[in-house]
Amino acid sequence: MKRLFICIIIYACLIFLIPSIAVFISGGFAPSKPQTPLSAEYKKQAEEKLGKPPYKIKSYIVSADEVREFDLEEYLVGVVGAEMPASFPEEALKAQAVAARTFIISRIMASKGDVAEHKGAPVCTNPAHCKAWKSVDELTAAWGDNAKENLSKIEKAVKSTENEIAVWNGAPISAVYYSMSSGNTENAADVWGGDVPYLKSVSSSFDENAPNFNSTAEFTLDEFKKIILSEAPEAVFGENPSEWFSEPTLSEGGGVMSIKIGGAEFKGTKIRSMFSLRSHNFSITPEGDKIIFKVKGYGHGVGLSQWGSKFLADSGKNYIDILKYYYTGIDVVKQ
Ligand SMILES: [Zn+2]
């Protein structure tokens, strides 16, 4: 009788305990439903615009000056390969794949097919306008000896996250990203105006270890004045260059929101584009007959930092951790 009882206990353990341990080891007791699934309304709109997965998309290929149709997942290999170094760790590449997929889908959902730069396609391959993309041939040529290994690494990052997107409040997010932060990411509201609940400033101090995190840009006094006057003819420059500048107003992330130069007010992002700075996190110092910008980071600073993703992956974080780190309060779901 006692033996039978022990057998029952062991049997019960096998039935209940072992699968539980397996679930625990494979990533914890994940809820069967994501916290913010895609809303029924979004799904309906997506089906009208995109059909059902696997999606086909149209993109305007700038280099070829033509619109081509792709399988979305195939197109993403060209985006991830063009946007992130293939030498980056697998989890960073996977985060990039999900961010790029989400960005493209939200662009398509927002597109009314009237984008002049695209010849009717919802996205293009201009990195300054939409997202960079390269054909497999272009990537292979650029990678040289490492082509085969790099391509299989990128294909794996796309395949292993197939159909996964980042969502907030039932719909795909605007998954913006850039090369490296200035040590903190920026609030979307501080850079572009308009609050976006999941694009909030977070610390990304490890970006300081990225190559060329600090950069400088030098201009002679005449060059500097000429550029300012081309945008603000009313600006006045006295004898002493150290009196040309006001204290800048800084964002929560540390970027320059506004600064007065020669009495004229500029947004930090405007100064960035006028002087081709790597970011709008800068200081301006007159030194002798020069004006020197000292700049931190590279890119607009809103959302996911690609170098930050690399450092997070190096420290053991997976791609979902990385996405949730940079996009506050989001979930990653399959469409
Ligand atoms: Zn575009």
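# Exercises on helix packing and cores

α10 passes α11 in a right-handed crossing. The exercises below begin with this pair; the model is a predicted one.

**Exercise 1.** Determine which orientation class applies to α10 and α11, and state which residues form their contact.

*Solution.* Step 1: locate the elements. Helix α10 covers residues 306–314 and helix α11 covers residues 319–326.

Step 2: take the geometry. The two axes cross at roughly 135 degrees and come within 10 Å.

Step 3: assign the class. An angle over 145 degrees would count as roughly antiparallel, and 65 to 115 degrees as roughly perpendicular. The crossing of roughly 135 degrees therefore makes α10 oblique to α11.

Step 4: list the contact. From α10, Ser 309, Leu 312 and Ala 313 meet Asp 321, Ile 322 and Tyr 325 of α11. Sorted by class, this contact has 4 nonpolar, 1 polar and 1 charged residues.

**Exercise 2.** Describe how α4 packs against α6, and give the composition of the contact by class.

*Solution.* Step 1: α4 is formed by residues 90–110 and α6 by residues 147–159. Their axes are 8 Å apart, at an angle of about 55 degrees.

Step 2: because of that angle, α4 is oblique to α6. The crossing of α4 with α6 is right-handed.

Step 3: on the α4 side the residues are Glu 90, Leu 93, Lys 94 and Ala 97, which meet Lys 153, Ile 154, Ala 157 and Val 158 in α6. The contact has 5 nonpolar and 3 charged residues, with no polar ones.

**Exercise 3.** Describe the packing of α4 against α11 and name the residues on each side.

*Solution.* Step 1: the angle between α4 and α11 is about 55 degrees, and the axes lie 8 Å apart. The two helices are therefore oblique to each other.

Step 2: α4 passes α11 in a right-handed crossing. In this contact α4 supplies Glu 91, Ala 92, Lys 94, Ala 95, Val 98 and Ala 99, while α11 supplies Tyr 319, Ile 322 and Leu 323.

Step 3: by class, the contact has 7 nonpolar, no polar and 2 charged residues.

**Exercise 4.** Identify which members of the largest nonpolar core touch the most other members, and which helix gives the core its largest share.

*Solution.* Step 1: the core holds 56 residues, of which Leu 76, Val 80, Ala 99, Ala 166 and Leu 323 touch the most other members.

Step 2: α4 gives the largest share of this core, 11 residues.

Step 3: examine one of these members, Val 80. Outside its neighbours within four places in sequence, Val 80 is in contact with Leu 93, Gln 96, Ala 97, Ala 100, Ile 154, Ala 157 and Val 158.

Step 4: another core, of 14 residues, lies apart from the largest one and includes Ile 259, Ile 261, Ile 284 and Val 295.

**Exercise 5.** State whether Lys 294 is buried, partly exposed or exposed, and describe its surroundings.

*Solution.* Step 1: Lys 294 is placed in strand β12, residues 290–296.

Step 2: Lys 294 has 14 C-beta neighbours inside 10 Å and therefore counts as partly exposed. For comparison, a buried residue requires 20 or more, and an exposed one has 12 or fewer.

Step 3: leaving out residues up to four places away in sequence, Lys 294 touches Thr 216, Phe 282, Ser 283 and Thr 285. Ser 279 is 15 residues from Lys 294 in sequence, and the C-alpha to C-alpha distance between the two is 10.0 Å.

Note on methods
Residues numbered from 1 in each chain as written. Predicted model: local features only at pLDDT ≥ 70, side-chain atom pairs only at ≥ 80, totals over all residues. Axes fitted to C-alpha atoms, helices over the stretch in contact; angles between N-to-C directions. Helix = DSSP H or I, 4+ residues; strand = E, 2+ residues; numbered from the N terminus. Parallel < 35°, antiparallel > 145°, perpendicular 65-115°, else oblique. Left-handed = near helix turned anticlockwise from the far one by under 90°. Contact = placed C-beta atoms within 7 Å. Nonpolar A, V, L, I, M, F, W, Y, C, P; charged D, E, K, R; others polar. Core = buried A, V, L, I, M, F, W, Y, C linked by C-beta atoms within 7 Å.
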